[in-house]
Amino acid sequence: VWVRPNPVDLERFGYATKSEKIEARSRLTPFSEEDTVLVFVSKFRGSKNHSFLLDVLNLLPENYKLLLAGPPSEPTDPVPGLTTSQIEALVSIAESRGMHGRIFVKPGFVDAADYMRAGDIFCIPAEMEGLGTPLLEALVTGLPVVANRAESNFREWITEGQNGFLRPLSASYWADAIIKTSMFSDVDRKSMSDHIKATVSSERIDEQYYMLLSALCKTPAGKTISV
């Protein structure tokens, strides 16, 4: 058995320059260049824990904003989640807690690459998560990631303080990690983007897969291989 990451489509996902970030943010959100934008693009399943990010946002300074985008839950989904009206209600909930104008939601199928370019930090408070391809896509875009420490797939990719932070689902721990993450420089972001691109590009993964299959074909039964 060989477990490999899904490849990241490098024709769609790439390091977002400052000008690209400003353009995407002004076109897709009501937020300004001076804001620090937390972004989470995913289907609004219950296991994704979108509402947890409201608790986190409430502990952060006023210039921190939250962008949530992705398809709403449908009645046929095996895992229940938020409908379009419930997603839009998150804005009202935030405003009732004194966070007026600090959250923007976009229910529906969106271009994840476009919305990631508009953000500064990618947040993944999901539980029972699979491979976590959006995490890799965010890193390629140059977004450091704060993710749920309980998920083993996240622990495989996030290196503490280098490309993000792993924290238990405690709002205060997450708020502290986000503050630290916002201090990542452009050089830090470009470096982690280059590193992950070299690891999960389609070309790199196809090359590894070919090496493995070739070695299997040449190896007698009962022998071990190393590629």
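This briefing covers overall shape, a buried strand and a nonpolar surface patch. The model is predicted. The protein has 9 helices and 6 strands. Its radius of gyration is 19 Å, close to the 17 Å that the globule rule gives for 227 residues, so the protein is as compact as a globular protein of that length.

**Overall shape and packing**
- The C-alpha trace spans about 65 × 45 × 30 Å along its principal axes.
- Buried residues make up 46% of the 227 in the protein.
- Take the contacts between residues at least 6 apart in sequence: 67% of them join residues at least 24 apart.
- About 11400 Å² of the protein is exposed, and carbon and sulfur atoms supply 52% of that area.

**Strand S2**
- S2 covers residues 64–70, and 7 of its 7 residues are buried, so the strand is largely enclosed by the rest of the structure.
- Tyr64, Leu66, Leu68 and Gly70 point one way from S2.
- Lys65, Leu67 and Ala69 point the other way, and these too are buried.
- Strand S1 (residues 36–41) runs parallel to S2, joined to it by 6 bridges.
- Val41 stands opposite Ala69 of S2.

**Nonpolar surface patch**
- Tyr209, Leu213, Leu216 and Ile225 make a nonpolar surface patch of about 340 Å².
- Tyr209 belongs to helix H9, which covers residues 202–218.
- The relative accessible area of Tyr209 is 39%; this lies between the 20% limit for buried and the 50% limit for exposed, so Tyr209 counts as partly exposed.
- Patch membership requires over 30% relative accessible area, and Tyr209 has 39%.

Technical notes. Residues are numbered from 1 along each chain as its sequence is written. This is a predicted model: local features need pLDDT of at least 70, side-chain atom pairs count only at pLDDT 80 or more; totals for chains, interfaces and linings use all residues. Side-chain values use heavy atoms; hydrogens and water are left out. Patches are made of residues with over 30% relative accessible area and no salt bridge: like charges are joined within 9 Å, nonpolar side chains (Val, Leu, Ile, Met, Phe, Trp, Tyr) within 5 Å. Accessible areas come from the Shrake-Rupley method with a 1.4 Å probe; for residues, only the protein chains shown count as cover. A salt bridge is a side-chain nitrogen of Lys or Arg within 4 Å of a carboxyl oxygen of Asp or Glu. Helices (H or I, at least four residues) and strands (E, at least two) are DSSP runs, numbered from the N terminus. Buried means under 20% relative accessible area, exposed over 50%, partly exposed in between (1.4 Å probe, protein chains only). The radius of gyration is taken over C-alpha atoms; the globule rule is 2.2 Å times the number of residues to the power 0.38. Contact means heavy atoms within 4.5 Å. Two strands pair if DSSP finds at least two bridges between them.
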